[in-house]
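Colleague: I have your model open on my screen and would like to understand the terms you use for it. Could you take me through them?

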Amino acid sequence: MQKLSFDEINKAQFKLYKGNPIIRNFGGSFTAADPSVLTPSQSCDGLWHLFCHTFFGVYMFSSENGIDFENVKKIVPRAMRPNINFIDGRYYLFYERTKTVAGNALSLVGGKWKSEIFVTVSDDLELWTKPRRVIGKTRDFEADGRGQAISNPFLIKIGENYRLYYSCGQTFIKDCGFCEPTYISFAESADIDEGYLSRSEPIIRPDRSSPYLNLCSGCIKVYRLADCYIGLQNGIFEKNGKSRSAIMLLRSDDGIKFEFVKMLLEPQRCGESDWMAQFVYACHLVYYDGRLRLYFNARNTANPLTGRECIGMYEAELPSERS
């Protein structure tokens, strides 16, 4: 991604894949969410691998083309919102570790939520180390009366250090019946899997004056380009009396202060399908073989009984000289 310029990203003509969603909710869960992807050049077996979560943990799918995913395998329980990284020949899977399924259920009826960032490591995508915590609560804004929530990890390397972006805090979304992250912050360390020190203040807060950020912050995925950083943020907002989420393109010179550029992907009906009609959530952008692919999850409705989350793809082909 570092070879691409901001103009190339900004001018890319994305189109929704006609076969969306590429992964539907499965295994008795209403949710298949928060995709994180390895391209064939990053994988030890030359395949695409997509990590996502359901109510029951983080799973990994495999694919020859990055579209038709199969061979699902559970990687870790008590886990949400994965972020997979290939660094120096090893795979680092960061994720939000939650309570047990029963504990999470109690959180929905008055119990306190608790989540932290954990990591597990593999050399071959088969055997994984015992998970260990890398970010726990150290700042007041990471918790409130509903408990503590530290979620949505996303790792990048800046110079000799690692920066782990994360969401934190909880804002109750009334029509959904659950909470979404209030703030976005980050922690830094000289080591990949330990020693992270969290920033003293969030870098993104809710903004009542913003049409796309007037409820809470959602999450952000940050990429270093040749000439700047970009952020892909799904803010949570209210519009016409309903909550919504959409993916915004942000620009930054330092990866800390971000400015809104444009709306990249909004909720919409796709022909006869309403699978992404009300919410477009977390995403992962990859560049491979001359194409940009944005994997994302979306939700049809806020209704907690009929709402379903599935994973789709948004793709752009860059000019041939870049291929």
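Modeller: Gladly, and bear in mind that this is a predicted model. Let me start with a lining: the residues around the largest cavity divide into 3 nonpolar, 2 polar and 3 charged.

Colleague: What makes 3 of the lining residues charged?

Modeller: The lining consists of Asp34, Arg81, Pro82, Asn83, Asn152, Pro153, Phe154 and Lys221. Asp, Lys and Arg count as charged, so Asp34, Arg81 and Lys221 make up that group.

Colleague: Which strands each supply at least two residues of this lining?

Modeller: Those are strand S6 (79-87) and strand S13 (150-158).

Colleague: How do you know that the space is a cavity?

Modeller: In a cavity a 1.4 Å probe fits but cannot get out. The search of the whole structure finds 1 cavity of 30 Å³ or more, and about 50 Å³ of space lies in the largest cavity.

Colleague: Now the sheet. Why do you say that S4 and S5 pair?

Modeller: Pairing takes at least two bridges. Strand S4 (residues 57-63) is joined to S5 by 4 bridges, so the two strands pair, and they run antiparallel. Within S4, Met60 stands opposite Lys73 in S5.

Colleague: And what makes a strand an edge strand here?

Modeller: The open sheet has 4 strands in the order S2-S3-S4-S5, with antiparallel pairing. Strand S2 (33-38) and strand S5 (70-76) each pair on one side only, and these are the edge strands. From one strand to the next, the twist averages 25°.

Notes: Residues are numbered from 1 along each chain as its sequence is written. This is a predicted model: local features need pLDDT of at least 70, side-chain atom pairs count only at pLDDT 80 or more; totals for chains, interfaces and linings use all residues. Side-chain values use heavy atoms; hydrogens and water are left out. Axes are lines fitted to C-alpha atoms, for helices over the stretch in contact, and angles run from 0 to 180 degrees between N-to-C directions. On a 1 Å grid over the protein atoms alone, a cavity is a set of points where a 1.4 Å probe fits but cannot get out, and a pocket is an open set with protein on both sides within 12 Å along at least five of seven lines; lining residues have an atom within 4 Å of a point. Grid points are joined across faces, edges and corners, and a volume is the space filled by probe spheres set on the points.
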